[in-house]
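Got your viewer open? Let's take a short walk through this model, one selection at a time.

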Amino acid sequence: MIDFLQMVLNGIAAGSSYALVGLGMVLIYKASEVPNFVQGEMALLPVFVAFMLLESYGVPPYMAFPITLIFAFFLGCFLEFAILRRAKDPNILGLIIITIGMEMILLGLVSWKFGADQRVMPFPISEYDSIAIGNLFISSLNMLTLVAALFIMLVLFLFFRYSKIGVAMKASQQNETAARLMGIKTKQVRMLTWGISAMVGTVAGLLLAPVIMEPFMMWNPMMKGFAGAVVGGMTSLPGAVIGAYIIGVIENLFGGYVSIEFKSVVAFAVIVLVLCVRPSGLFARHYVKKV
Amino acid sequence: MKKKSLSIAAIMFLLVFGLALNGSAEQGVTDTEIHIGQWSPQTGPAAPWGAVARGTDAYFKMINAEGGIHGRKIIHHYFDDGYNPAKTVAGVKQLQEDVGMFGWVSGVGTACGLAVKDYLMGRKIPWVGPSSGSSHWVDPPQKYLFNDYPLYSGDAQILVKVAAEKLGLKRIAITYQNDDYGKLGLAGARKQAAKEGLSLVAEIPMNVADTDMAPFVMELKKANADSVLMFIGVGQVARLIGTGKAMKFDPRWMTTTTCADAPLMIAITKGLFAGTIVANFGLFEPQVVGIGNTEDVNNPSHPVVKKYYEDAFKKFAAKEERWGLTFVAGMAYAEPMLEGLKRAGRDLTREKFVAAMETIKDFKGSMGRVSYGSFDPNDPHCRVGQTEIFASEVTADGKYKVLMDWTEMPYVKID
């Protein structure tokens, strides 16, 4: 029983970082209807900027991390404004290709500027300390990630429900033409969404960086976050979070009871299964466009 | 008509003598140059291993600055394959067919090397020192392929030997990358464990993409392992040890030469790598340092390595380059090739080079002794090169404390 509970706890811990990346992806999918493959690198560059602030300029963490989040926000806005918006009448495939292209550019930029050697981000909480709940362990960093994922989900929920910009975002996502007719500046709203999404992803990156930092560090969380978002539903914020936790827990249980060898690919088997049974994901409403 | 005849005669003359002249020279060799190719990942997930090619480059520049080989400079062509075998094939073909390499040196990655092995061997192009300890390079042996990286099975053997004989540990487990690298380590560990009258208490495969180490730590804990061999990637080693600490699992960690860069590992584990036992294939001499004494790679005691530090690294490495195991390894892998080129003499052909390589016996550069033999398609030993390994323990300040002297580790055939 202890093993089972530990596996579930491990799954929740792993799922938290997937959830943060998944949240970012869902935000952009709702705004632009594009699976955003630059999500990981929108976090990667700010994480390395944070590292540079901390290591090269001696900026204290309480200043470096907020500066990094602001940088991430502007990076997201810039990518939407300078690249995505310039695409002429793009279809979904074209948009996906653009995000893959941006991903490669940002990855190349980080590799060129910071090199390929592994390093670790100085962080106020030790990634090697753990909290014991009886015979169960969870690392302090994983606990922080879990709290951050739930907190950000709550903030986004409140933001979309009660703030003017949040409601404008929701309106733009649901019917862009109608929103524009109602006086909402939909392009600006979309740009803001990209900025917020980059910030959310960067939180995940900052919480992963104390373990290992390298140019490819966001690849696996991005894939798993994407898997979680697809399972939960690409248009549902709580769905993305729950989907990510489902992926994390299934991975761990599968590794413990079935095959540790195929633990890392089980997420994608779950995607196939969910897409066959519920194409919109477990928690998203299935919209049918009238023609 | 007369003009036309003259032209035809001139063309024929040029063709005949041109071909004859060309036929007398080996591809990739001119009066003043020898062209050597190499691939390595300068970008992508294995980019930290890109330092191998940069190390080789600095080494060749040092050799050239000292006069080259028999009056010829080495022209080193290396390209970034991103650890992608498709790119390795494209790059090798381009350099071989457009520029013309005399031979190839090093080359990071088993999959990348395997992708071009048949191409190079089919054209009888020498390749020395693939940068991975895979059995594919020697079993079956290839006439033009000379290995010098100790096979991963040897790393596992010495680590199990240290655990069982030196530290008295009996519950040895292994976590291994689910590919050729890891499986060869597993084969070596099993063989040595059997020799010690033990069996491995856990054999846990890991995929390259695995980043969540908690399930692996749980399996190791369940097996009650007192020592764990890690045949996985550098980042995974750091994550596994860190997750072990967080989950209160603290065995004697042991790892292979690929993860033995002590200063780097100490830095990325924030000191948790201290006490880890690593396999070494050179770069310092256990007898010179002394069993129980420590070696600082930033102040090398090995005269050959010290020379590399002064004459290659300081003079030819880029300003931001880090002096470390991977960079120096790039020089070490190329040493036997240089020895072969020297022995082949001024009148250099590939066949003479291969014959010269086969005369190398107990050659000592910065690694252990390297030996080759006459080509025997049934005997991997004629191309294995180096079979000696020693072991050390990493200290908290990123140095190596020598635990075991050079030990001959016999070739293990993978099942």
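Here is what to select at each stop, and what you'll find there.

Before you click anything, note that this is a predicted model: local features need pLDDT of at least 70, side-chain atom pairs count only at pLDDT 80 or more, and totals for chains, interfaces and linings use all residues. Residues are numbered from 1 along each chain as its sequence is written, while chains are lettered from A and ligands numbered from 1 in the order in which they are written.

**Stop 1: chain A**

Select chain A and colour it by secondary structure. You should see eleven helices and two strands, where helices (H or I, at least four residues) and strands (E, at least two) are DSSP runs numbered from the N terminus. Starting at the N terminus, the order is α-α-α-α-β-β-α-α-α-α-α-α-α.

Now spin the chain: its C-alpha trace spans about 60 × 50 × 35 Å along the principal axes. Of the 291 residues in chain A, 51% count as buried, meaning that 20 or more other C-beta atoms, placed from the backbone, lie within 10 Å of the residue's own (12 or fewer is exposed, in between is partly exposed).

**Stop 2: where chain A meets chain B**

Show both chains. The contact takes 30 residues from chain A and 32 residues from chain B; two residues are in contact if their C-beta atoms, placed from the backbone, lie within 7 Å. Which element gives the most to chain A's side? Select α1(A), which gives four residues. That side of chain A divides into ten nonpolar, twelve polar and eight charged residues. For these classes, Ala, Val, Leu, Ile, Met, Phe, Trp, Tyr, Cys and Pro count as nonpolar, Asp, Glu, Lys and Arg as charged, and the others, Gly among them, as polar.

**Stop 3: the domains of chain B**

Give two colours to chain B: domain 1 is 33-150 + 300-375, and domain 2 is 152-280 + 390-408. These bounds come from an automatic or database domain assignment. The domain centres, taken over C-alpha atoms, are 28 Å apart. Each of the two domains gives twelve residues to the contact.

**Stop 4: P130(B)**

Zoom in on the loop between β4 (127-128) and β5 (145-146) of chain B to find P130(B). Is P130(B) buried or exposed? P130(B) counts as buried because 27 C-beta neighbours lie inside 10 Å. Leaving out residues up to four places away in sequence, P130(B) touches several others, including W137(B) and Y149(B).
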